[in-house]
Amino acid sequence: MNALHDSATMLRRNLRHALRYPALTIATIATPILMLLLFVGVFGNALGTGVGGPSKDDYIGYVAPGIILMAVASGCMVTSVSVCVDMTEGIVSRFRTMPIARSSLLTGHVAGSMIQTLLSTFAVVLVAVAMGFRTNGTVLDWLGAIGLLTMLTFALTWLAVVMGLVAKNPEGASNSPLLVQFLPFLGSAIVPPESMPAGVRWFAEYQPFTPVIETLRGLLMGTPVGRDAWISVAWCAGIAVVSYVLAKRLFNRAR
Amino acid sequence: MTNSVEQTAIHVAGLRKAFGDKVVLDGLDLDVRRGTVFSLLGPNGAGKTTTVQILSTLIGADAGDVRVAGCDLARDPEGVRRAIGVTGQYSAVDGLLTGRENLIMMADLHRLGRAAGRRAADELLERFDLAEAGRKQAAAYSGGMRRKLDLAMTLIGGPRIIFLDEPTTGLDPRSRRTMWGIIRELVRGGVTVFLTTQYLDEADQLADRVAVLDGGRLVADGTPDELKRLVPGGHVRLRFADLASLDAAARALGTRTRDDEALTLQVPSDGGVRALRELLGRLDAHSIEVDELSVHTPDLDDVFLALTGRPENEAAPA
């Protein structure tokens, strides 16, 4: 109960930060939208042919789920910067000397970031639809997709918290997440792994983003999902649990 | 909440802390009575901040027995946290929030309730002369305003013991006096204050007891007056035009601490007007011309030189 009350206070603080300093939020929405414009509007014809569809109208059906996932990834990663900024300032020391739930600072960050990421992902979906993205998913499929994206957001946000706690300064905290943001490119986000060279292809097939993208595609575009759904859930749960445990330990240890 | 009748707010025995192989606190003992101001005095790196960080549950100690507000620090840190408030050396305010929002956040964390929290925030803003600034983001505040907001945030939970780690370092003289006024007012309200400072005059102004920390140990402990008596640094420095005048003055005043190269003489004195008048009178009586006169009151340097027995100390008259 206390933890919930304190986390809610911290969440209000984080949402205020997002409103007062919207540059980060805007960047996380703008990046995937630019990707969408770039990959569909500029490279769409060539990539579409490569992927097997005749035109860029078909390609948007392939790439949009990938870009939506990138929106989630880049949204979550902002958390590492805000956590790191907090840790380098005196306010966290103040919180630590107060009789409040220790983890509330982190849960406040995670809750705030999840709200922001899900909103910015929604914006990206809207742009994709405006650009001609059409799904044949049912309401149930959409609910499944929202559930999957929420799980992924939760897992990646905790991972970002760990990165923020590990980083020595905000610059470092904004660099390490680039790896995670780059991963979807080496998966099935833009082009199918089958088209990649052998080594990269092996990596692309087994890295966590690929099953999530494939599940999302399955739900929204009606392609076969198969085992990918369960592999996705397992990856999300695994990343979330490991990151959460690490984050708590790092936070309690830090200085 | 523990509200024991014992008169000790903070009890520390044998406190030790090392970072790697650098020993910061080497067996610290101290007692702070309830409702008093205790000042821990020391140069940079003496271990003042480390002491505050340990006593305020921020970092752990390697060894030692510590009780704060009757709670054992090692076994009941939550109990300690319920009783204390901390204003650290580096401002612990949220720059993106306004002053008022910062205070309301603290009120929420202390479970004051919505209406009571807002009332308390507005009262504190009024009391610290921040009512106008309360609507602005704290990032735009001056150093003095930030420090005041910081202290207001510490006070909103009604702590019984307050740790102030160098609360006036970097403040201009006016903000400094304002801060002193606020601290005095707190103590009148029954709060215990644990204050660290580099400034002897600050300890002199505020503290009931002063302890001097050097190299992780207390080298002196007493009232400000007791401490100053340990410091033989107060003197008047006279400079003469030539060696003859210096010789004459040294004979007339019977002082041994002379510097033939600089043509100066150090005369022990409290630097008061009466003492100066008497000193100049004696020089006049012997028709000795003084080129330059300067008064040196004891400062922290003198305290440390005196207490740690470093070479400079030998020059001071016993």
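How many residue pairs are in polar contact across the interface of chain A and chain B? That was my opening query, and I kept in mind that this is a predicted model. The rule finds 12 such pairs, both residues of each at pLDDT 80 or more.

**Entry 1: which parts of chain A touch chain B**

I looked up the elements next. On the side of chain A that touches chain B, two helices of chain A give two or more residues: α1 (2-20) and α5 (90-96). The biggest giver is α1(A), with 10 residues. I also sorted that side by residue type and got seven nonpolar, seven polar and nine charged.

**Entry 2: contacts and area**

I counted 23 residues of chain A in contact with 30 residues of chain B. Together the two chains bury about 2,300 Å², and 59% of that is on carbon and sulfur atoms. On the chain A side, A:Arg20, A:Arg94 and A:Thr97 lose the most area to chain B, together 30% of what that side buries.

**Entry 3: salt bridges**

I then went after charge pairs. Side chains of opposite charge can pair when their charged atoms come close. Between chain A and chain B I get six salt bridges, and over all chains the structure holds 24. One that I checked across the interface joins the side chains of A:Arg94 and B:Asp150, at 2.3 Å from N to O. I had already noted A:Arg94 among the residues of chain A that lose the most area to chain B.

Inside chain A I pulled up another salt bridge, between A:Arg201 and A:Glu205, at 3.3 Å from N to O. Why are these two about one helical turn apart? Because they sit four residues apart in helix α10 (residues 198-206) of chain A.

**Entry 4: the annotated stretches of chain A**

I looked at the UniProt record, an unreviewed entry. Its "transmembrane region" annotation covers residues 21-47, 59-85, 106-130, 142-166, 178-196 and 229-247 of chain A. I checked two of these against the model. Residues 106-130 of chain A come out 100% helix and 0% strand, with the end C-alpha atoms 36 Å apart. Residues 229-247 of chain A are also 100% helix and 0% strand, and there the end C-alpha atoms are 27 Å apart.

**Entry 5: chain B domains**

Last, I looked up how chain B is divided. Domain 1 takes 8-93 + 141-229, and domain 2 takes 235-297. Taken over C-alpha atoms, the centres of these two domains of chain B are separated by 41 Å.

Note on methods:
Residues numbered from 1 in each chain as written. Chains lettered and ligands numbered in written order. Predicted model: local features only at pLDDT ≥ 70, side-chain atom pairs only at ≥ 80, totals over all residues. Heavy atoms only, no water. Contact = heavy atoms within 4.5 Å. Buried area = accessible area lost by both parts, 1.4 Å probe. Salt bridge = Lys/Arg side-chain N within 4 Å of Asp/Glu carboxyl O. Polar contact = N/O pair within 3.5 Å; in protein donor to acceptor, adjacent residues only side chain to side chain. Nonpolar A, V, L, I, M, F, W, Y, C, P; charged D, E, K, R; others polar. Domains from an automatic or database assignment. UniProt positions renumbered as here; feature names shortened; annotations may be inferred.
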